[in-house]
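Got the viewer up and a selection box ready? Here is a walk through the model, one stop at a time.

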Amino acid sequence: MTAEVRSTVLNSPVPHPERVTLARDWGSTPLGHPHAWPAALKTLCEVIDGSAQPMFIVWGPQRVLIHNQAYAPILAQKHPGALGRPFLEVWSEIGDELSPLVERAYAGEAVRMDDITLMMCRRGVVEEAHFAFSYTPIRGEHGRVEGFFCACWETTEQVLAERERRAVEERLRASLAIKTVGIIRWGEGFRLTEVNEAFLQMTGFSEAEALGKTWQELTPSEFWAASERAVEQVLTLGEAVPYEKQYYRRDGSRWWGLFAPRRFEDGAIEFVLDITERKEAEEHLREREQRLQLILDSATDYAILTLDPERRVTSWSRGAARTFGFEAAEIVGQSGDVLFTPEDRQAGVPRKEAETARRDGQAPDVRWHQRKDGSQVFVSGSNTILRDPAGAEIGFLKVAHDDTERRRADEEIRETEERYRLAARATNDVIWDWNLTTDCIRWSEAVETLFGYQPEEVEPTGTWWRARVHPDDLQKALADASAAIEGKAEGWASEYRFARRDGTYADILDRGTVLRDRDGRAVRMVGAMHDLTPHKRAEAMLRQLNETLEHRVVQEVASRLKTEDALRQSQKLEAIGQLTGGVAHDFNNLLTVIRGAAQMLCRTSLSEERRQRYIEAISDTADRAAKLTSQLLAFSRRQALKPEVFNVGQRVDTVADMLRTVVGSRVELITHTECEICYAEADPSQFETALVNLAVNARDAMDGAGQLRLSVEPTKTVPSVRGHVAAEGDFVAVHVSDTGTGIASDKLAQIFEPFFTTKEVGKGTGLGLSQVYGFAKQSGGEVEVQSTLGEGTTFTVFLPRVPAAVAEAALESTASDQARGHGHVLVVEDNEQVGQFTTQMLSELGFETTWAPNAEAALRLLQERPDGFSAVFSDVVMPGMNGVELGKEVRRRHPTMPVVLASGYSHVLAQEGSHGFELLHKPYAVEDLTRVLRNAIRATA
């Protein structure tokens, strides 16, 4: 039973039930006012009023409809007018179907209808709805049927589900008959319960053999994971994503299938397509692509790439990566236009090239392209259109070769030829290019203008050139050229005379360069002929001018040299005068003290105390005189220093107390002398004197008040000072810094000159810094000064550093001894008074002595008495053979004989050193003489 009902109640929820008896004015209906209704009717009204299920009552002979609110959606637009109207009138459109049912109910028969179809408008859409009804007869007080009661149930969902099930079942039955698609049905435990003929054809099983098998039995183990994922998706989602896997055939072979499973009733149904041929075709295609890729990868000299119709890169060979710099992962999928230069992209070249390929099948690609790094590459290749078998465009194939080097070589050749043409036109020289294989020479136009030949007279051969070289010059020119060609010279240059058209000769400077092939064979020579004739003429004129000018220049130079000599002589005399005056002044002061003390000693009335005081004055003044000469010799670097190994820091500490007395109490003296490796080999007394001189200078610069800092440190570098280069090595640096007035920069270059001083007259001799400079230079070191006006000055004395191990060993060997001397000493002294005094003094000290007036006499004595002497004590400066030469000769003749030298001044020692001999400085102390001779004799023994 079907009826279409247009509902205006859009499936809204049932409102709070309104009592049926109050829903309308029942007095105007055949049933009359509700208070007159039978008890049974009232009871039924109360039942339907309280129910959410659609219910209605048909009552009385007029068969009046009474319904609850839940029945209103079924009535649709008939509501609310249906309430109280005859039932068959309300449903007049299906009255023919309902009338027999109503009659049966009034006849006392219970009637049931399982499915009534209604077309209802719900949610704005007309849709099919299904309901089930039951008519229950209701009897009155007299047992007569007065009406019937109806309850309704909507069965739309169940009806549609059953309809869908039957449709699926029908489609399944139809599908099972398909010959090309395998259909299998899985039951409990995923065992096959139904298969179609197509699946049996795919596997080779019979139906009886296939039914009951599990998917594990049909599936190779490597595909179990994919099958398990599909089973899980079917159980949880109702269907699985179609997937590919292999199945076993009855004979054990394998075949490829595309499986699409979905849940069906208590199991699953799976559709299967045999894709074996496609998979085999794909494998063959993959193998072909691999072989093609191997070919492409091996062709690294060629860039091979494909593009789609929109010019996007779809494949990329190794040769393309090598040519353009992009790796495949960087360029595939990108526009191939990036390979063109910005200028070509702007001009639309990529599009035009593609259009040409579409029109002609192929387009040339010979141009500059752009690499990934922005550089450019020149390629020669083509762009070919690709079409499928049906003729449809599928893309482009581009093949190109990197011709950058060839292109640039061609451009360089063109540029070289152009430069050659321009140079040939711009110069007056004759440019030539000689092919050594053919003896053909290309001449520039200058050969005509420079030598006067007509174009037809110039022959492009080496013979034409050789015929015009002057006979006297030809052999030499050819020899020079042959030497260059044979590889004996890098180039060729030769001067010769070349014949002009008028018969005269031009002086020519011809220069050429040989060009060789890969085997080193000379194939060409290129050069230029330069006309020297104007230069030769100019040289002759200049030579003539020089001959007259030379005499005047010689006279002027002689006059200037004479003036310079006079000036230098004047400067020398001035310096000598200054030096002589200073020395004379100081020595006069010292001699005054010595002479006065000696005269006082001649008086017999002197007490012993005063006599001793005058003797000490003479001794002290002699020491001062020795110190003055030592300072002069140190500056002149003529002093024979007595180097000893000592710790510089300890020596500074030793002299520090004396320096505090020298600088006074108002000067704060700070020392930093801790340095275990700061050993030096120098004259310690001269070192102390240098420190005293620097301290006195600092005191005067600070006007007796300030801070004086002495520090010692090792260093690896002596800086560049006074034009001397910096020195690398091991040195000890002694810094003496003050907070005085500083030294003006224009005075720094003079402060080490003798007798130069910035102090007032009478307050300085000008020899202090000279002594420091001479001591440092003669000790193999240097002196640096840094000064800032108003802030102070720092003097740094650099001395060569002695390794600690060597220094400690040397110090251990210098232990002194006050024992008397012994042995026979040969004294060599050219001054008779000094010789007699020395022999007497040595005798008083316990030595036997023999005096020789010169080196020759000493050698004769040694020859006569080779075992008669224990040591030789010789002066250095003597007429004839000096002391150093004597020592070398004694060492040669008597290798074990010790030699001790003595000198107060010797340029030999200053320049050459002591050559390993012991050295005493005049004036020397008696204790020093005893110690040196005794140690020398004892060492030999």
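Select helix 21 and helix 22 together: the two are oblique to each other, because an angle of 65 to 115 degrees would be needed for roughly perpendicular and one under 35 degrees for roughly parallel, and this pair packs at about 40°. What you are looking at is a predicted model, by the way. Helix 21 covers residues 648–663, helix 22 covers residues 684–701, and their axes are 10 Å apart. The crossing of this pair is right-handed.

Now show side chains at the contact. On the helix 21 side, pick out Val648, Arg651, Val652, Val655, Met658, Leu659, Val662 and Val663. Facing them from helix 22 are Pro684, Phe687, Glu688, Leu691, Val692, Ala695, Val696 and Arg699. Color this contact by class and you get 13 nonpolar residues, 3 charged ones and no polar ones.

Keep helix 22 on screen and add helix 23, residues 768–778. How do helix 22 and helix 23 cross? Their axes come within 9 Å, at roughly 140°. That angle makes helix 22 oblique to helix 23, since roughly antiparallel would take an angle over 145 degrees. The handedness here is left-handed.

For the residues in this contact, select Gln686, Phe687, Thr689, Ala690, Asn693, Leu694 and Asn697 in helix 22. Their partners in helix 23 are Gly768, Leu769, Gln771, Val772 and Phe775. The class coloring gives 6 nonpolar, 6 polar and no charged residues. Phe687 is worth a click of its own: this residue is in the contact with helix 21 and also in the one with helix 23.

Next, follow the chain out of helix 22 into the loop that leads to strand 25 (706–718), and stop at aspartate 703. Check the backbone: phi is about 55°, a positive value, although the residue is not a glycine. Is aspartate 703 buried or exposed? With a relative accessibility of 64%, aspartate 703 counts as exposed.

There is another aspartate to set beside that one. Jump to aspartate 439, in the loop between strand 17 (430–435) and strand 18 (440–443). Its phi is near 60°, again positive in a residue other than glycine. Aspartate 439 is partly exposed, at 22% relative accessible area.

While you are on backbone geometry, center on proline 80, in the loop between helix 2 (72–75) and helix 3 (87–90). The peptide bond to look at runs from histidine 79 to proline 80: it is cis, with omega near 10°.

Time for sulfur. How many disulfides does the structure hold? There is 1. Select cysteine 675 and cysteine 678, whose sulfur atoms are 2.0 Å apart. The torsion about their S-S bond is about 70°, so the disulfide is right-handed. Both of these cysteines are buried.

Then compare that with cysteine 150, which is in no disulfide. The nearest cysteine sulfur to cysteine 150 belongs to cysteine 152, 4.1 Å away. Why is no bond assigned to cysteine 150 and cysteine 152? Cysteine 152 is in no disulfide because the sulfur of cysteine 150 lies 4.1 Å away, and a disulfide needs sulfur atoms within 2.5 Å. Cysteine 150 counts as buried at 0% relative accessibility, and cysteine 152 is buried too, with a relative accessible area of 1%.

One more helix pair: select helix 26 (residues 855–864) and helix 27 (residues 883–893). Their axes come within 11 Å and cross at roughly 15°. The two are therefore roughly parallel to each other, and the crossing is right-handed.

Side chains on again: Ala855, Ala858, Leu859, Leu862 and Gln863 in helix 26 meet Leu886, Glu889, Val890 and Arg893 in helix 27. By class, this contact has 6 nonpolar, 1 polar and 2 charged residues.

Finally, zoom out to the whole chain. You have 29 helices and 33 strands on screen, and 41% of the 941 residues count as buried. If you draw a contact map, look away from the diagonal: among contacts between residues at least 6 apart in sequence, 56% join residues at least 24 apart.

Key:
Residues are numbered from 1 along each chain as its sequence is written. This is a predicted model: local features need pLDDT of at least 70, side-chain atom pairs count only at pLDDT 80 or more; totals for chains, interfaces and linings use all residues. Side-chain values use heavy atoms; hydrogens and water are left out. Axes are lines fitted to C-alpha atoms, for helices over the stretch in contact, and angles run from 0 to 180 degrees between N-to-C directions. Helices (H or I, at least four residues) and strands (E, at least two) are DSSP runs, numbered from the N terminus. A crossing is left-handed if the near helix is turned anticlockwise from the far one by less than a right angle, and right-handed if clockwise. Contact means heavy atoms within 4.5 Å. Ala, Val, Leu, Ile, Met, Phe, Trp, Tyr, Cys and Pro count as nonpolar, Asp, Glu, Lys and Arg as charged, and the others, Gly among them, as polar. Buried means under 20% relative accessible area, exposed over 50%, partly exposed in between (1.4 Å probe, protein chains only).
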